[in-house]
Amino acid sequence: MLSRERIVSAALALVDAEGLDAVSTRRLATELGVSGPSLYNHVATKEELVDSVVDAVLSEVDTSMFARLGGDDRDWRAALAAWAKSYRATLAAHPNIVPVVAKGPGRRPHALHIADAVFGGLVAAGWPRREATRVGALMRYFVTGSALGSFAGGFPDDATVYEENYAHLGQAHLLAERQQEINESAFAVGLESLLDGLELRYRTVTAGGDPSERVT
């Protein structure tokens with residue numbers, strides 16, 4: 001039986017396999033073994049369908065750690081770290097949707113729930129509202145950026161490419177075969193560094209200062 005859930009599931013499988021451009025009413029109808037017009041009883045436009053696919057993926061992101069913040073529990077650092085890892089793992093499993101996610105939540109319910117949970121948790125943990133907005137945006141930039149592609153995987157594995165003109169890239173041809181290890185370790189280093197910096201900022205803003213207004 002045709003249902004919205006079945007359509008979204010088939011569309012996600014298509015996006016994962018071939019990318020967003022592969023999604024069309026005709027292609028989905030073929031995949032599902034139904035007539036094209038029958039899809040419109042459940043999904044009105046391709047934009048609505050893509051939004052539903054993206055939101056279904058984002059429903060897998062864990063935000064439960066933010067609900068515990070407030071009162072005696074103000075460990076926002078641990079909450080941000082756990083959320084960032086869950087968020088990145090979800091996007092890494094479905095990399096073809098990342099360009100859409102990077103544009104913002106729009107009207108997608110699960111995307112808005114993520115923004116609400118992060119902001120609410122940070123405020124409950126003592127971050128001023130303006131700062132909580134900045135931190136949420138910063139973390140989102142970092143996570144989505146890390147999921148857009150592989151730095152290591154973008155280097156040609158041909159050693160001759162680097163021999164004459166790139167004196168410092170003598171081992172660059174080995175990066176592609178180690179891309180998963182490099183990507184994971186780079187994300188871990190970046191996340192730790194961001195959180196270290198946010199610790200310093202938190203101490204400043206909760207003491208009544210605003211680091212963005214300093215004259216250097």
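**View 1. Salt bridges across the whole model.** A search of the whole structure, which is a predicted model, turns up 11 salt bridges. Side chains of opposite charge can pair when their charged atoms come close. The next three views pick out some of these pairs, and the last two turn to other spots.

**View 2. Glu-192 meets Arg-77 in a salt bridge.** The closest N and O atoms of this pair sit 3.0 Å apart. Glu-192 belongs to helix H10 and Arg-77 to helix H6, so the contact ties together parts that are 115 residues apart in sequence. What about exposure? Glu-192 is partly exposed, at 43% relative accessibility, while Arg-77 is buried, because its relative accessible area of 16% falls under the 20% cut-off.

**View 3. Arg-77 also pairs with Glu-199.** Here the N to O distance is 3.6 Å. This pair links distant parts of the chain too, with Glu-199 in helix H10 and Arg-77 in helix H6, 122 residues apart. Glu-199 comes out as partly exposed, with a relative accessible area of 25%. Step back a little and you'll find a network of salt bridges that links Arg-77, Glu-192, Asp-196 and Glu-199.

**View 4. Glu-184 and Arg-88 form a salt bridge.** Their closest N and O atoms are 3.2 Å apart. Glu-184 is in helix H10 and Arg-88 is in helix H6, so this pair ties together parts that are 96 residues apart in sequence. Which partner is buried, and which is partly exposed? Arg-88 is the buried one, at 10% relative accessibility, and Glu-184 is partly exposed, at 41%.

**View 5. Ser-86 sits in helix H6.** That helix covers residues 76-93. Ser-86 counts as buried because its relative accessibility is 16%, under the 20% cut-off. Which residues does Ser-86 touch, leaving out those up to four places away in sequence? Look for Glu-60, Val-61 and Asp-62.

**View 6. A negative patch on the surface.** Five residues make up this patch: Asp-157, Asp-158, Glu-163, Glu-164 and Glu-177. If you zoom in on Asp-158, you're in the loop between helix H9 (129-147) and helix H10 (179-206). Asp-158 is partly exposed, with a relative accessible area of 36%. That value is over the 30% a residue needs to join a patch, so Asp-158 passes on accessible area.

How values were computed:
Residues numbered from 1 in each chain as written. Predicted model: local features only at pLDDT ≥ 70, side-chain atom pairs only at ≥ 80, totals over all residues. Heavy atoms only, no water. Patch = residues over 30% accessible without salt bridge, like charges linked within 9 Å, V, L, I, M, F, W, Y side chains within 5 Å. Areas by Shrake-Rupley, 256 points an atom, 1.4 Å probe, with all protein chains shown as cover. Salt bridge = Lys/Arg side-chain N within 4 Å of Asp/Glu carboxyl O. Lys, Arg positive; Asp, Glu negative; His and termini not counted. Charge placed at Lys NZ, Arg CZ, Asp CG, Glu CD. Helix = DSSP H or I, 4+ residues; strand = E, 2+ residues; numbered from the N terminus. Buried < 20%, exposed > 50% of the residue type's maximum accessible area, 1.4 Å probe, protein only. Contact = heavy atoms within 4.5 Å.
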